[in-house]
Amino acid sequence: MTTPQATVAKRKKLRRLTGTDRVVLGLMVGIPTLIELLLVWGPALFSVLLGFTDARTDIDQPGGVHFAGLDNYKFITSEYPPFWPAVQHNIIWLVFLAVIATPLGLFLAVLLDQNLKGSRIYQSIFFVPVMLSLALVGIIWHLIYSPDAGLLNSVLGTAGTADQIDWFGDSSINLWAALVAASWKHVGYIMVLYLAGLKGVDPSLREAAAIDGANAVQTFFRVVFPAMRPINIVVVVITVIEALRAFDIVYVINRGTNGLELLSALVVQNLVGEGTQIGVGAAIATVLLVISLVPIVIYLWQTFRNEEKS
């Protein structure tokens, strides 16, 4: 509880700021805020507004852009065939990263935190994909998955035969092939984040758990993992964002068609494709924005509520 004396002292400290200090502080806060408003929230809000218009560039609009209400949303949900498969694929992408790729990155971080011989070399090997763009990752895995002379089919002995597998061309398996390729990069990223988190955990917590008779598994899940709550929040946010903004790799493979439909790919197809229906593309982008915000807001709300209770 703040006492009157503390309040008076705080006001006295504020009065010590000179005019120059206040100008500098205002600029330090105002300029980044203005940049974020102009480059992030401004375009996002403008995109949401466009989703309620009939804006398009593939036909002449002599009367200008008109308000269309929910017409674009009705169109994408009932008359646009790729929309629901794209929603399903984005959900699968999110579940795959959250259930398989992210825990694998955590597992590697725990192993490398044990000061194994050559751990620095292993860290570098797993971190290399993180430095590559998803477009380049797609090209690398395109070579691995190539049906005629790809590494995978060559290992399986099916390259150049009638039994060769078209990993990216077969719509029943290309989504899973793309997920493996995307996870190659995601695992290394999560590993680095959790390695940093593990290094920051107070060693006395592990010592106290060992004194209480906890084994290594119990110590990790009951002591170490909860202590990395800030890292866990970052990982959840990154996993959701990576799953919903996935675009580069599927666009490199087949431009997000034939089993690789994703919401981000549909946005690009409607904004810069042959039939540029800007209103439709903006509506899909708005749906993507809402879907991405929901799990993040729910998780952050639960996390901060638990912190207030503790």
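A polar contact is a pair of N or O atoms within 3.5 Å, and within protein one of them must be able to donate a hydrogen and the other to accept it. With that in hand, here are some close-ups of this predicted model.

**View 1. Asn215 caps the N-terminal end of helix H10.** Look for the side-chain oxygen of Asn215, which lies 3.2 Å from the backbone nitrogen of Val217. That distance falls within the 3.5 Å limit for a polar contact. Helix H10 itself spans residues 216-227.

**View 2. Helix H10 has a buried side and a face turned away from it.** The buried residues here are Thr219, Phe220 and Val224. They cover an arc of only 95° around the axis, so they sit on the same side of H10. Where do these buried residues pack? Their partners are H4, H8 and helix H9 (203-211). On the face of H10 turned away from the buried side, you will find the exposed residues Val217, Phe221 and Arg222.

**View 3. Thr219 sits in helix H10 and counts as buried.** Its relative accessibility is 10%, and the cut-off for buried is under 20%. Leaving aside neighbours within four places in sequence, Thr219 is in contact with Arg206, Ala209, Ala214 and Val224. Arg206, one of these contacts, comes back in the salt-bridge view below.

**View 4. Asp113, Lys199 and Arg206 form one salt-bridge network.** How many salt bridges does the structure hold? There are 2. In one, the side chains of Lys199 and Asp113 meet at 3.2 Å, N to O. Lys199 lies in helix H8 and Asp113 in the loop between H4 and helix H5 (119-127), so this pair ties together parts that are 86 residues apart in sequence. Asp113 also meets Arg206, side chain to side chain, at 3.7 Å, N to O. This pair links distant parts of the chain too, with Asp113 in the loop between H4 and H5 and Arg206 in helix H9, 93 residues apart. Are the three residues buried or exposed? Lys199 is exposed, with a relative accessible area of 53%, Arg206 is partly exposed at 29%, and Asp113 counts as buried at 15%.

**View 5. The largest nonpolar core has 40 residues.** Which of them touch the most other members? They are Trp93, Tyr194, Met228 and Ile249. The elements that give two or more residues to this core are helices H4 (83-112), H6 (134-145), H8 (174-199), H10 (216-227), H11 (229-244) and H12 (248-254). Of these, H8 gives the most, with 13 residues.

**View 6. Ile249 within the largest core, and a second core apart from it.** Not counting residues up to four places away in sequence, Ile249 touches Trp93, Leu134, Val137, Gly138, Ala178, Ala181 and Ala182. Apart from this core lies another, of 17 residues, among them Val87, Leu266, Val280 and Ile284.

**View 7. Spans that UniProt lists as "transmembrane region".** The unreviewed UniProt entry gives residues 23-46, 91-112, 124-144, 175-196 and 278-301 under this name. Over residues 23-46, the chain in the model is 100% helix and 0% strand, and the end C-alpha atoms are 31 Å apart. Residues 124-144 are 71% helix and 0% strand, with end C-alpha atoms 21 Å apart.

Methods
Residues are numbered from 1 along each chain as its sequence is written. This is a predicted model: local features need pLDDT of at least 70, side-chain atom pairs count only at pLDDT 80 or more; totals for chains, interfaces and linings use all residues. Side-chain values use heavy atoms; hydrogens and water are left out. A nonpolar core is a set of buried Ala, Val, Leu, Ile, Met, Phe, Trp, Tyr and Cys residues joined through side-chain atoms within 4.5 Å. Buried means under 20% relative accessible area, exposed over 50%, partly exposed in between (1.4 Å probe, protein chains only). Helices (H or I, at least four residues) and strands (E, at least two) are DSSP runs, numbered from the N terminus. Contact means heavy atoms within 4.5 Å. The arc is that of the directions from the helix axis to the C-beta atoms. A salt bridge is a side-chain nitrogen of Lys or Arg within 4 Å of a carboxyl oxygen of Asp or Glu. UniProt positions are given in the numbering used here, feature names are shortened, and annotations may be inferred rather than shown by experiment.
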